[in-house]
Amino acid sequence: MLSQLMTKKMLQFTKLNQTTPVKRPEQDRKQDFHEIYKEYINEKAQEQSSRCSQCGVPFCQVHCPLHNNIPDWLKLTAEGRLQEAYELSQSTNNMPEVCGRICPQDRLCEGNCVIEQSGHGTVTIGSIEKYITDTAWEKNWVKPSKAKKEMNQSIGIIGAGPAGLACADELRKKGYQVTVYDRYDRPGGLLIYGIPNFKLEKFVVERRTKLLKQSGIKFVQNFEVGIKKNLNELKRDHDAILIATGVYKPREIEIPGSNLKNIFPAMDFLTASNRKGLGDKVELFDNGTLNTQNKDVVVIGGGDTAMDCVRTAIRQKAKSVKCLYRRDRENMPGSAREVANAIEEGVEFIWLSGPKKFTGNKQVEEVQVNKMILGSADSSGRRKPEIQEKSEYNIKADIVIKSLGFDPENLPELFSEKELSVSRWGTIKIDLNTMQTNIDGIFAAGDIVRGASLVVWAIKDGRDVAVQIQKYLKEKSIQKDKVKAA
Ligand SMILES: Cc1cc2nc3c(=O)[nH]c(=O)nc-3n(C[C@H](O)[C@H](O)[C@H](O)COP(=O)(O)OP(=O)(O)OC[C@H]3O[C@@H](n4cnc5c(N)ncnc54)[C@H](O)[C@@H]3O)c2cc1C
Ligand code: SF4
């Protein structure tokens with residue numbers, strides 16, 4: 001029902017002029033935010049699940065990167081067989097409770113539901129997936145995996161994000177000895193320090209990583225590969241290595257005034273907010289620097305990370321929150337649902353606008369903005385924004401958050417492994433069949449291969465690479481036995 005309501009609201013918003021700034025009046029602001037999905041009760045899950053027509057052409061399943069067996073677990077839920085629904089759902093997904101909450105379902109499973117296509121509103125697949133798994137946790141059906149047989153080969157995984165964790169889980173189920181190294185103090189990658197609590201509650205991530213620990217996976221936190229050990233040294237400790245380090249280098253805005261104070265990359269802002277939510281002492285938040293309460297906030301960018309920033313600022317009770325994006329609403333890369341939620345919560349979108357310079361005395365006070373028009377399509381097929389002559393105007397800003405996307409760090413340099421082959425964008429090159437890099441025994445998966453993507457794709461890559469690593473290790477032990485026998 002909630003999704004249906006949201007779809008209706010989104011349609012209303014889409015009808016608004018795409019280029020004019022949209023600001024909802026103060027008195028109209030939603031007091032109760034869209035904190036993920038509202039409570040689902042069993043009857044509601046059953047009612048929604050029974051709306052699935054079992055159409056026989058499961059486009060939802062095809063468009064889910066994990067090819068989850070959605071129609072079957074909907075049927076089981078409709079029949080009240082929740083434990084079976086959970087078993088089926090978790091057999092293809094290492095974190096269904098996470099995907100159910102934060103997958104952009106409007107672009108994946110739900111967007112391709114035949115009921116949605118026929119104009120009757122999608123079956124709320126994501127909410128049901130969340131409901132099934134949350135119920136499984138409550139009822140204690142979720143157990144740490146137990147390997148049938150312990151293997152003596154070991155795998156070192158660099159990165160405790162969803163790609164690394166899914167791979168670790170799969171390999172541990174097969175009995176391999178798995179150690180996950182991460183430079184942060186907590187496992188989870190962007191699930192813990194990137195994605196805000198209102199979309200993905202931190203206890204959900206911590207509960208999952210605790211379970212992985214209980215299954216025998218060893219976690220080594222505060223361990224930055226490249227500083228504590230380089231790649232070659234780590235390789236000597238294990239039979240295979242997976243690089244799943246994600247992409248973290250923020251794209252910069254190179255305009256005058258960029259060095260003024262109070263201009264921050266999105267991840268600094270989101271990490272501070274997430275750490276506060278986790279109960280940490282965060283000096284830059286506590287002294288007000290990264291806290292947007294009572295401030296005029298300008299966020300630059302139009303992707304999902306920008307949406308997380310504006311919605312976090314709203315929750316911190318900012319005085320005003322403006323989102324500057326150089327294309328129009330139709331061409332925003334972020335999820336339409338999140339944009340609609342942000343508007344409802346009081347964010348002002350200023351489409352077709354790009355920053356020209358930041359001005360202020362020591363710290364930013366204003367952003368000078370150019371109006372843009374959309375020109376002809378570029379090589380990617382998207383219309384290129386062009387500056388409208390003499391269109392500058394100023395926007396007041398106490399704090400500016402830059403959210404223009406992420407690039408990979410220079411891993412060959414960071415890992416002291418010049419041989420490691422990367423693409424011209426800096427992502428790691430892999431053999432698409434074996435998922436192995438150009439160095440024997442070193443695999444890569446997730447955002448560091450794809451570029452900034454989605455959690456569900458990272459999980460898919462983690463599962464796939466686990467299969468390839470297992471094949472590699474089996475082959476390696478056969479070769480070893482042959483040498484021994486000779
Ligand atoms: C703000 C934000 C919001 C997002 N929201 C969504 C969303 O709503 N839905 C969605 O599907 N996707 C979302 N994404 C994208 C999603 O989070 C990523 O696609 C996904 O987390 C990638 O997984 P990963 O395992 O490849 O990398 P990551 O999650 O980035 O994990 C990589 C891990 O590697 C560690 N690491 C890096 N370098 C080293 C090193 N040298 N040594 C040791 N450890 C290292 C990092 O500390 C990190 O823990 C969002 C991304 C951001 C930034
Ligand atoms: S994993 Fe994501 S895409 Fe797949 S069924 Fe769940 S919510 Fe939909």
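Trainee: Which helix does Ile 128 lie in?

Mentor: A few ground rules before we look: this is a predicted model in which local features need pLDDT of at least 70, side-chain atom pairs count only at pLDDT 80 or more, and totals for chains, interfaces and linings use all residues. Residues are numbered from 1 along each chain as its sequence is written, chains are lettered from A and ligands numbered from 1 in the order in which they are written, and side-chain values use heavy atoms, leaving out hydrogens and water. Helices (H or I, at least four residues) and strands (E, at least two) are DSSP runs numbered from the N terminus. On that footing, Ile 128 belongs to helix H8.

Trainee: Does Ile 128 count as buried or exposed?

Mentor: Buried means under 20% relative accessible area, exposed means over 50%, and partly exposed is in between, with a 1.4 Å probe and protein chains only. Because Ile 128 has 0% relative accessibility, the label is buried.

Trainee: Which residues does Ile 128 touch, not counting those up to four places away in sequence?

Mentor: Contact here means heavy atoms within 4.5 Å. Ile 155, for one, is 27 residues from Ile 128 in sequence but 35 Å away in space, C-alpha to C-alpha. The residues that Ile 128 does touch are Tyr 40, Ala 45, Gln 48, Ser 49, Trp 73, Leu 74, Thr 77 and Val 123.

Trainee: What is the relative accessible area of Ser 127?

Mentor: Ser 127 is found in helix H8, which covers residues 125–138. Ser 127 is called buried because its relative accessible area is 3%.

Trainee: Which residues come nearest to ligand 1?

Mentor: A residue is near a molecule if one of its heavy atoms lies within 4 Å of it. The shell has 20 nonpolar residues, nine polar and six charged, where Ala, Val, Leu, Ile, Met, Phe, Trp, Tyr, Cys and Pro count as nonpolar, Asp, Glu, Lys and Arg as charged, and the others, Gly among them, as polar. Helices H9 (162–173), H15 (304–315) and H19 (455–485) each supply at least two of these residues. Of the 35 residues around ligand 1, those coming nearest are Ile 102, Asp 182, Lys 199, Tyr 248 and Asp 308.

Trainee: How much of the area that ligand 1 exposes when taken alone does the protein bury?

Mentor: Start with polar contacts, pairs of N or O atoms within 3.5 Å (within protein, one must be able to donate a hydrogen and the other to accept it, and residues adjacent in sequence count only if both atoms are side-chain atoms). Oxygen atoms of ligand 1 lie 2.5 Å from a side-chain N or O atom of Asp 182, 2.9 Å from a backbone N or O atom of Asp 447 and 3.3 Å from a polar backbone atom of Pro 162. Accessible areas come from the Shrake-Rupley method with a 1.4 Å probe, and for residues only the protein chains shown count as cover. Taken alone, ligand 1 exposes 1,000 Å², and the share buried by the protein is 98%.

Trainee: How many residues of the largest nonpolar core come from H19?

Mentor: A nonpolar core is a set of buried Ala, Val, Leu, Ile, Met, Phe, Trp, Tyr and Cys residues joined through side-chain atoms within 4.5 Å. The largest one has 92 residues, of which Leu 191, Leu 242, Ile 243 and Ile 469 touch the most other members. The largest share of this core is from H19, and it amounts to nine residues.

Trainee: Which residues is Ile 469 in contact with, leaving aside neighbours within four places in sequence?

Mentor: Ile 469 is one of the four residues that touch the most other members of the largest core. The contacts of Ile 469 are Ile 155, Cys 167, Leu 171, Ala 240, Leu 242 and Phe 443.

Trainee: What is the phi of Leu 352, about how many degrees?

Mentor: Most residues other than glycine have a negative phi. Leu 352 sits in the loop between strand S9 (348–350) and strand S10 (353–359), and it is buried because its relative accessible area is 13%. Although Leu 352 is not a glycine, its phi is positive, at about 50 degrees.

Trainee: Where does Asn 294 lie?

Mentor: Asn 294 also has a positive phi, of about 60 degrees, without being a glycine. It is exposed because its relative accessible area is 54%. Its place is the loop between helix H14 (283–286) and strand S7 (296–300).
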